Amino acid sequence: MIDCPINSRLNPHFQLADIVVTEHNSLPIKAAKMIIEADGSTNLNPLLIMGLTGSGKTHLAQGLGNEILKREPNKTVVYATASEFIAQYLDAVKSNHLSDFYSFYQKMDVLILDDIHDFIDVNTQACLLQVTDYLLRNERLVVFTSGKYIYHLSSSFPERLINRCRRGLVVEINELTDSERFEIISRFAPEISEEVKCFISELPLQDIGMIKGIISSIKLQHSSETVSLALAKEVISLILGELYD
């Protein structure tokens, strides 16, 4: 049995306003804002956000959920990872509470489901399709994120589920360029020298969380002194496991 009241499970720190907008993510952010303004209009539903690990998919999806709740606090908005959804489903099957499981998800006004590429079993995919179809038929908003692109998902996902996504809005968070990394670093660490910013921005990193972690480590370990390039390289070497001359 799934307990009530329903907890959105949204991270309050994931806000749309905190996302550094560059060309790599401008289209997905525009899509999220369109959905907010359209109040979940069915011609924008479902929303599928694709991108590499660490690209900001979860932040964007949860930021969308948080913004919807700000505007309409009475809406039922729930965030779950694919693994959490699957675990709930398997537990419901085991305990003979499938009707409670489906009843819970049918209450959603907005369902945000992270990492749908983790649905690899036929039964859980069928469950996902059933929940998705119910929500779409009843004009509820469905938001998916995926670390695999739709043409990769199509080789292992039911065609009906892929078609549901294609009828909605499919957007991609692109890979970061050096200049975009520099812009992100400047946003989170304006006090760091241009030399250090340039060095970090030229590292082939696509995980924004890792970039933030590197910046935080540099600032923490050298908070009492000016961060030279040599000191920055020492910290980065410890984190990435590579030596930088």
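## Fold report: a parallel sheet and two nonpolar cores

Among contacts (heavy atoms within 4.5 Å) in the protein chain between residues at least 6 apart in sequence, 76% join residues at least 24 apart. The model is predicted: local features need pLDDT of at least 70, side-chain atom pairs count only at pLDDT 80 or more, and totals for chains, interfaces and linings use all residues. Residues are numbered from 1 along each chain as its sequence is written, and side-chain values use heavy atoms, with hydrogens and water left out.

**Overall build**

The protein chain holds 11 helices and 5 strands. Helices (H or I, at least four residues) and strands (E, at least two) are DSSP runs, numbered from the N terminus. The C-alpha trace spans about 60 × 40 × 35 Å along its principal axes. Of the 245 residues, 47% count as buried. Buried means under 20% relative accessible area, exposed over 50%, and partly exposed in between, with a 1.4 Å probe and protein chains only. The accessible surface comes to about 12,400 Å², by the Shrake-Rupley method with a 1.4 Å probe; for residues, only the protein chains shown count as cover. Carbon and sulfur atoms account for 51% of that surface.

**The sheet**

The 5 strands form an open sheet in the order 2-3-4-1-5, with parallel pairing. Strand 2 (77-81) and strand 5 are the edge strands, each pairing on one side only. Neighbouring strands are turned by 15° against each other on average, direction ignored. Two strands pair if DSSP finds at least two bridges between them.

Strand 1 (residues 47-50) is covered on both faces. L47 and I49 are buried on one side, L48 and M50 on the other. Strand 1 pairs in the parallel sense with strand 4 (residues 141-146) over 4 bridges. Another 4 bridges join strand 1 to strand 5 (residues 169-172), also in parallel. Bridge partners are listed here.

| Strand 1 residue | Bridge partner | Partner's strand |
|---|---|---|
| L48 | F144 | strand 4 |
| I49 | T145 | strand 4 |
| L48 | V170 | strand 5 |

**Helices on the sheet**

Helix 2 (residues 57-71) lies across strand 1, strand 2, strand 3 (110-114) and strand 4, and runs at about 165° to strand 4. Helix 5 packs on the sheet too, touching strand 3 and strand 4; its direction makes about 140° with that of strand 4. Axes are lines fitted to C-alpha atoms, for helices over the stretch in contact, and angles run from 0 to 180 degrees between N-to-C directions.

C127 sits in helix 5 (residues 122-137). C127 is buried, with a relative accessible area of 1%. Leaving aside neighbours within four places in sequence, C127 is in contact with F85, Y89, F101 and Y102. C127 and I49 are 78 residues apart in sequence and 21 Å apart in space, C-alpha to C-alpha.

**Cores**

In soluble globular proteins, nonpolar side chains tend to be buried together. A nonpolar core is a set of buried Ala, Val, Leu, Ile, Met, Phe, Trp, Tyr and Cys residues joined through side-chain atoms within 4.5 Å. The largest core has 33 residues, with the most contacts inside it made by F101, Y105, F119 and V131. Helix 5 gives the largest share of this core, 6 residues. Apart from it lies another core of 24 residues, among them L60, V143, L169 and V171.

**Helix 9**

V196, K197, F199, I200 and S201 are buried in helix 9 (residues 194-201). The buried residues of helix 9 pack against helix 8 (178-188), helix 10 (208-221) and helix 11 (229-240).
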